[in-house]
Amino acid sequence: MQPSIVRTHTADLYDAHVLKNYARAALTLVRGRGSLVWDDQGRQFLDFTSGIAVNALGHCHPHWVAAIQRQAGELIHTSNLFRTNNQGELARRLVGYAGPGRVFFCNSGAEANEALLKLARLHGMRKSGGEEGKCYQVICAKNAFHGRTFGGMSATPQEKIQKGFRPMTPGFAFAELNNLASFEALIDAGTAAIFVETIQGEGGVNPCSTEFLLGLRRLCDQHDLLLMLDEVQCGIGRTGSFYAFEHAGVRPDAIGMAKGLGGGFPIGAMWVGERAADLFHPGSHGTTFGGTPLACAAALAVLDVIERERLMEKVRFNSARWHADLKQLVADFPAQVLGMRGQGYLVGLQLAADPLPYVVALREAGLLAPPAGGNVIRLLPPLTATVAELDQCVEIVRGVLSARA
Ligand SMILES: Cc1ncc(COP(=O)(O)O)c(C=O)c1O
């Protein structure tokens with residue numbers, strides 16, 4: 001079949017049959033390898049979208065592909081009515097990163113966060129002596145993004161996310177990120193937890209400061225609240241440590257994770273520290289597909305590669321120069337780029353104007369990079385990205401900025 005026929009056909013199929021809930025690029029991707037993807041016209045792109053921070057190992061890492069192939073021929077799904085080796089082993093590995101506690105497996109970031117929100121309710125019920133509906137408020141940050149389920153949406157105070165779906169789930173209050181006093185002011189006897197992204201991703205790559213995270217920990221200890229961190233986008237090595245909160249030396253009570261964990265195979269997880277791990281009991285939560293042997297095999301392969309190839313060390317090392325080069329762009333094009341934020345391979349370029357024309361221009365120049373809220377372009381290389389690829393990214397961005405200067 002001619003490539004152009006394939007493209008027209010796929011675009012027609014989308015037009016006719018796929019729900020129109022995404023603003024998709026006019027691009028049909030057919031193949032990927034490492035940091036590169038190709039479309040149905042044979043065009044090559046440097047993929048710094050990484051499936052929105054999902055493809056931690058880039059595309060089709062041989063160890064990851066082999067692990068999935070092997071597991072697919074052995075045992076794919078059993079339900080959670082039974083134990084499987086992979087789920088037990090993955091839980092052990094994640095507890096190794098997060099600290100003593102327990103892990104619940106699910107399939108997405110939103111589901112991981114739903115589990116956290118249910119954990120907060122159980123904690124609140126325990127705080128009020130077993131009585132339901134007394135203590136259930138969760139304090140979140142303005143500009144947050146926690147997912148599209150009712151719990152996730154309710155924790156996401158953004159008009160574009162909530163519009164059309166109200167009423168939201170009750171029990172959420174919102175304070176200013178990095179303003180500890182604004183969080184403290186909202187705490188009362190009905191508060192069960194504080195829930196923030198360690199680095200806001202969709203909201204525009206806004207990191208929590210170290211002092212802020214340490215302050216939240218202190219508030220949670222003082223008021224018997226759970227500190228719950230959403231590491232769905234910033235976790236699994238993306239910032240150069242396994243969890244982004246490690247940079248601050250803070251310990252949460254619970255963590256939501258997904259995206260990079262499966263490297264492209266859907267899996268999410270909630271880790272709960274020992275303080276709250278006993279709140280769930282048989283029957284209180286579950287999901288049919290959570291932690292299948294296949295999903296866990298993919299995640300174990302991701303962890304193997306992160307460890308064996310020392311990817312977190314590489315992210316820390318490589319990002320120092322990459323960030324310096326990106327900051328140089330801020331200096332060279334001050335009318336277009338107002339700043340650079342982020343950590344490791346989770347970077348946001350703060351533009352002076354709407355990022356969408358830039359996203360298109362970057363794509364035409366061979367770089368895939370997603371926008372974020374507040375006029376930001378995100379750069380999300382796979383953890384395997386090489387120095388040469390980071391340099392190429394800078395050159396493409398420089399070229400697009402020069403053309404518009
Ligand atoms: C920080 C954060 N939390 C939750 C989610 C929701 O994850 P999912 O799309 O897998 O449901 C996202 C997705 O972008 C996210 O960035």
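**Figure 1. Overall view of the chain in the predicted model.** Of the 405 residues in the chain, 54% are buried. The model shown is predicted, and its chain holds 13 helices and 17 strands. The radius of gyration is 21 Å, close to the 22 Å given by the globule rule for 405 residues, so the chain is as compact as a globular protein of that length. Along the principal axes, the C-alpha atoms fill a box of roughly 65 × 55 × 45 Å. Among contacts with a separation of 6 or more, 71% join residues 24 or more positions apart. The accessible surface amounts to about 18000 Å², and carbon and sulfur atoms contribute 55% of this area.

**Figure 2. Close-up of the aromatic pairs formed by Trp322.** The count of aromatic pairs comes to six. In one of them, Phe48 and Trp322 meet edge-to-face, with 6.3 Å between ring centres and 90° between the planes. Phe48 belongs to the loop between β3 (44–47) and α2 (50–53), whereas Trp322 belongs to helix α11 (residues 311–332); the pair therefore ties together parts that are 274 residues apart in sequence. Phe48 has a relative accessibility of 0% and counts as buried. Trp322, at 2% relative accessibility, is likewise classed as buried. Trp322 also pairs edge-to-face with Tyr345, at 5.8 Å centre to centre and with 80° between the planes. This second pair links helix α11, which carries Trp322, to the loop between β13 (337–343) and β14 (346–351), which carries Tyr345, the two residues being 23 positions apart. Tyr345 is buried, as is Trp322.

**Figure 3. Close-up of an aromatic cluster and of two arginine side chains over rings.** Tyr97, Phe242, Tyr243 and Phe245 together form one aromatic cluster. Elsewhere, the charged end of Arg31 sits over the ring of Trp38, at 4.2 Å from the ring centre. Arg404 lies over the face of Tyr358, with a distance of 4.9 Å to the centre of that ring.

**Figure 4. Close-up of Thr292 and its surroundings.** Thr292 is located in the loop between β12 (268–273) and α10 (293–308). Its relative accessibility is 11%, so Thr292 counts as buried, the cut-off being under 20%. A polar atom of the Thr292 side chain lies 3.0 Å from the backbone nitrogen of Ala295. Leaving aside residues up to four places away in sequence, Thr292 touches Ile76 and His77.

**Figure 5. Close-up of the cis peptide bond between Arg166 and Pro167.** Most peptide bonds are trans. The bond from Arg166 to Pro167 is cis, with omega near 10°. Pro167 is part of the loop between α7 (159–162) and β6 (172–175).

**Figure 6. Close-up of Asn143 and Val205, two residues with positive phi.** Most residues other than glycine have a negative phi. Asn143, which is not a glycine, has a positive phi of about 75°. Asn143 is placed in the loop between β5 (137–141) and α6 (150–154), and at 33% relative accessibility this residue counts as partly exposed. Val205, also a residue other than glycine, has a positive phi near 60°. Val205 lies in the loop between β8 (199–200) and β9 (206–207). With a relative accessible area of 0%, Val205 is buried.

Notes: Residues numbered from 1 in each chain as written. Predicted model: local features only at pLDDT ≥ 70, side-chain atom pairs only at ≥ 80, totals over all residues. Heavy atoms only, no water. Phe/Tyr/Trp six-rings, centres within 6.5 Å; stacked < 30°, edge-to-face > 60°. Helix = DSSP H or I, 4+ residues; strand = E, 2+ residues; numbered from the N terminus. Buried < 20%, exposed > 50% of the residue type's maximum accessible area, 1.4 Å probe, protein only. Lys NZ or Arg CZ within 6 Å of the ring centre and 35° of its normal. Rg over C-alpha atoms; globule rule 2.2 N^0.38 Å. Contact = heavy atoms within 4.5 Å. Areas by Shrake-Rupley, 256 points an atom, 1.4 Å probe, with all protein chains shown as cover. Polar contact = N/O pair within 3.5 Å; in protein donor to acceptor, adjacent residues only side chain to side chain.
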